[in-house]
Amino acid sequence: MLTLKNIRKEYRTGDLTVEALRGIDISFRKNEFVAVLGPSGCGKTTLLNIIGGLDRYTDGELTIKGRATREFRDRDWDSYRNHSIGFMFQSYNLIPHQTVLSNVELALTLSGVSLQERRRRAVQALEQVGLGEQLKKKPAEMSGGQMQRVAIARALVNDPEIVLADEPTGALDSETSVQIMEVLKEIARDRLVIMVTHNPDLADQYATRIVRLLDGRVIDDSDPFDGNEEVQPAAKAGNTSMGFGTALRLSLNNLMTKKGRTFMVSLAGSIGIIGIALILSVSTGVNTYIKRVEEDTLSAYPLEITQQTMDLTDTLSSLMGVSVEEQEHPDEDKVYSGSRMTNMLSALWSSVTNNNLRNFKAYLEDEKNGIKDLVSGIQYGYDSALLLYREDEKGQIVQVNPSTAMEATGITTMMQMSAYSAGGFQETLMNESNRRMNVFEPLLNNDELLRHQYDILAGRLPEAMDEVVIIVNSHNELTDYTLYTLGLKDQSELAGQFELLQSGIAIESEPMEFTYDELLAMRFRLIVNTDFYEKRGNHWVDLRKEDPDYLRSLMETAMEIKVVGIMRPSANAVATSNGSGIGYRPELLDHLIAQVSESEIVREQLENPTVDVFTGQAFDTNEEDLMAALDRMSFADFIKEYGSVMHWSEEVQAQLNAVSAIFAYLPKERIKQFLPTILPQDMGGSLQQNLSTLGVSDLDAPSSIAIYPKSFEAKSTITNLIDAYNASVDEENAIHYTDYVGLLMSSVTDIINAVSYVLIAFVAISLVVSSIMIGIITYISVLERTKEIGILRAMGASKRDITRVFTAETLIIGFVAGVLGIVVTWLLTFPINHIIQKLTGIDIAAVLPTRGAVILVIISVILTVIAGLIPSRMAARKDPVAALRTE
């Protein structure tokens, strides 16, 4: 069964060599009770440790079931201890933080026995030693005799072939010692039991064989054995392996015995996590706020592309004197004329470009471009104006769109003359300005964004084209301009107010208030432009000039527009897509354009493009003659000679005379481009002027396009797509626009992220320091659990298993530190949000993203595991014999 031949064991300490065993020759039968006696220091425990595989012999040969152990590797010794050896120690060597049942199960766990089977066998072993009712107790709750019984149960639970007992009764009273010896005697009936003892009486009474040692040699053997017993060859035992779950349980139970220290260590380890998590939380809240600002800002300031646009770069350069070629003059004692004004006007005029919005609209609506996924909405503008009227409380009909409020002040005429004098593009700007002065504005076709930007005070959002919503400002106010436009205040009050202001006389507006129901009861009527005209013979006449009541009769059959809601900008909205006024759905303008296009007068004009439908005659304004006249004379002379032909009023004539001096500096080609904009309709006009008067627009060719990106990143992608579009078409069809908002906030997110990264880098230092501290704490834990290491090794745990135990401990601490850090961060976000709101007035929701929280917990675990690698390796390399001696 077991044979030792000339076994020698030496311990070296520096230059000193101590011989513990000096040539031991002994063989053991497969079932006998052997007592090893001898004085202290004679080598009894060393012999037991060598037989049990805890210690290695220096020389000789140990043979187990005919297999020499010299060829054993570490895993063979581990397997041998686990499957063939059961240890009993004088000091019991139970793991204090494990229950009785867990202590006994441990050897089976290392053997890979299933949970259900090892639980059954452990309970059975404890019942055999009379402890079936003590399963849940901890070792500290038991007497010495009970703990030794637990040790016996643990030694027997794996059914070992050899039981090694080192002074099993040394710490027990006489009565308990006898009970333990009776148990060992019973065990020795079917296996080999080798007991080391100082008590010769117990040896004589219970042992079947007594071996005496002195100075490392066998001096007496009561029943020697020559080793010729027939034994079965040793079957190769399976490898032992502690599951990671077992390692976690061992470490968790150990940590739970030191709850206070475990909490403090975890809290210290969480400080770095808390710092990083707080930075990420605030950064996330700020970035979320910035994205909301971006979306709201871009909804108020979209990418706007008009049919005519101007690049102001050259103009501003001219104003600043930049990019003007310096000319050297021969004489320094003379003063020469410069050409800054001429250059500025030339730059201003040459910067006007036309955009082909028909083709670009088709490009935007092509789903292959992916633009629709990048925008909150796209609005198309057309030159056609919504003609909306309302009957006020006095029964008078008020035109509410386009607004006539400015006309009532007398300012509009002067502005129009300035636009005429500046040219075609300035007139376009004037028309755009008038459009923006209108109270009625199209709503963004994105209900989700509207609900985010506005609070619905009453009613609902428009759902059909004949429904509108009133938009008040943040103070629940409608401007007096809106009230005058809607006829809620009398526009006649405005007459002469501009002159009063010029005279230095203050004017005041009488305050008014309305209930929600009063505003929701308002109704408007949509008049189609072409309904004003009736055919008489070969031409069409405007019935408004003949019948003052014709407009009232039209309103009776016109489409009714209902107010269905009142909304106010949300307190969380930084900007809104619509200002104070009335918002309508874009489908309403599409409907108007379709009605105009289908009218008889428009069809007739388009079918006969050379005949003026208002006169029935060919267009009598010969623009070619006018252009030729401009070639022959100055603009001032042209105004004098052709003023009567143009039928200009005296006021318009005076305005044109005033600007003629400026026009003298412009190239004739630029003046020719401006000329068609000042041709009045009543002199015969042109086809384009007639179509404009009738409100004709092509839905496929908008006059402006407003693109509302979802974010600055989306806007950047959209501008790249526009650049790609421009690269795919010729220069004439390229799109030109000025991005006024592009530089406003594009780098804010990058700055916030950069600051966050810098702060995280600083806080990460504390995370590393706390990880190093956890490594030190783990090393302390290794020192505290040294005996447990020896116990695990005695039961067959490998070095890898020991490493796994302490790795599991650091993993638990890292996980607890990470989770604790996340919980503390979550609790701190509430006062932080409140403080930020109080200090800045900005509602920033600092919140840690779920993904970020998970990543931080993982980082905490990884860092603590790394920090615990060195202590874990140190634990694995500990000598199990020395570990068992540790108290």
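Here is a short walk through this predicted model, one selection at a time.

**The whole chain**

Start with the full protein chain in cartoon view. You're looking at 887 residues, and 49% of them count as buried. The secondary structure adds up to 35 helices and 25 strands. If you switch on contacts and keep those with a separation of 6 or more, 80% of them turn out to join residues 24 or more positions apart.

**The largest cavity**

Next, look for enclosed space. Rolling a probe the size of a water molecule over the atoms shows where empty space is left. Across the whole structure, a search turns up three cavities of 30 Å³ or more. The largest cavity holds about 110 Å³ of space. To get there, select Ile85, Gly86, Phe87, Arg154 and Met795: of the 13 lining residues, these are the closest to its centre.

Now colour the elements around the largest cavity. Those giving two or more residues to the lining are α2 (74–84), β6 (85–88), α5 (144–156) and α31 (786–794). Which element gives the largest share of the lining? That's β6, with three residues. Colour the lining by residue type and you'll get eight nonpolar, three polar and two charged residues.

**Asn82 and Met795**

Stay here and select Asn82, which sits in helix α2. Is Asn82 buried or exposed? Its relative accessibility is 1%, so Asn82 counts as buried; the cut-off is under 20%. Show the sticks and find a polar atom of the Asn82 side chain: the backbone oxygen of Met795 is 2.9 Å from that atom. Met795 is also one of the residues you selected around the cavity centre.

**Helix α22**

Move on to helix α22, residues 587–597, and show side chains for its buried residues: Leu588, Leu589, Leu592, Ile593 and Val596. Turn the view to look down the axis. These residues lie on the same side of α22, because they cover an arc of only 135 degrees around the axis.

What do the buried residues of α22 pack against? Add three strands to the view, β20 (523–527), β23 (559–569) and β24 (581–584), then two helices, α23 (600–607) and α28 (687–694); the buried residues of α22 pack against each of these.

**Helix α34**

For the last stop, select helix α34, residues 869–876. Its buried residues are Pro871, Ser872, Ala875 and Ala876. Try the axis view again: they span an arc of only 140 degrees, so they fall on the same side of α34.

Conventions:
Residues numbered from 1 in each chain as written. Predicted model: local features only at pLDDT ≥ 70, side-chain atom pairs only at ≥ 80, totals over all residues. Heavy atoms only, no water. Buried < 20%, exposed > 50% of the residue type's maximum accessible area, 1.4 Å probe, protein only. Helix = DSSP H or I, 4+ residues; strand = E, 2+ residues; numbered from the N terminus. Arc of directions from axis to C-beta. Contact = heavy atoms within 4.5 Å. 1 Å grid on protein atoms, 1.4 Å probe; cavity = no way out; pocket = protein on both sides within 12 Å on 5 of 7 lines; lining within 4 Å. Points joined across faces, edges and corners; volume = space filled by probe spheres on them. Nonpolar A, V, L, I, M, F, W, Y, C, P; charged D, E, K, R; others polar. Polar contact = N/O pair within 3.5 Å; in protein donor to acceptor, adjacent residues only side chain to side chain.
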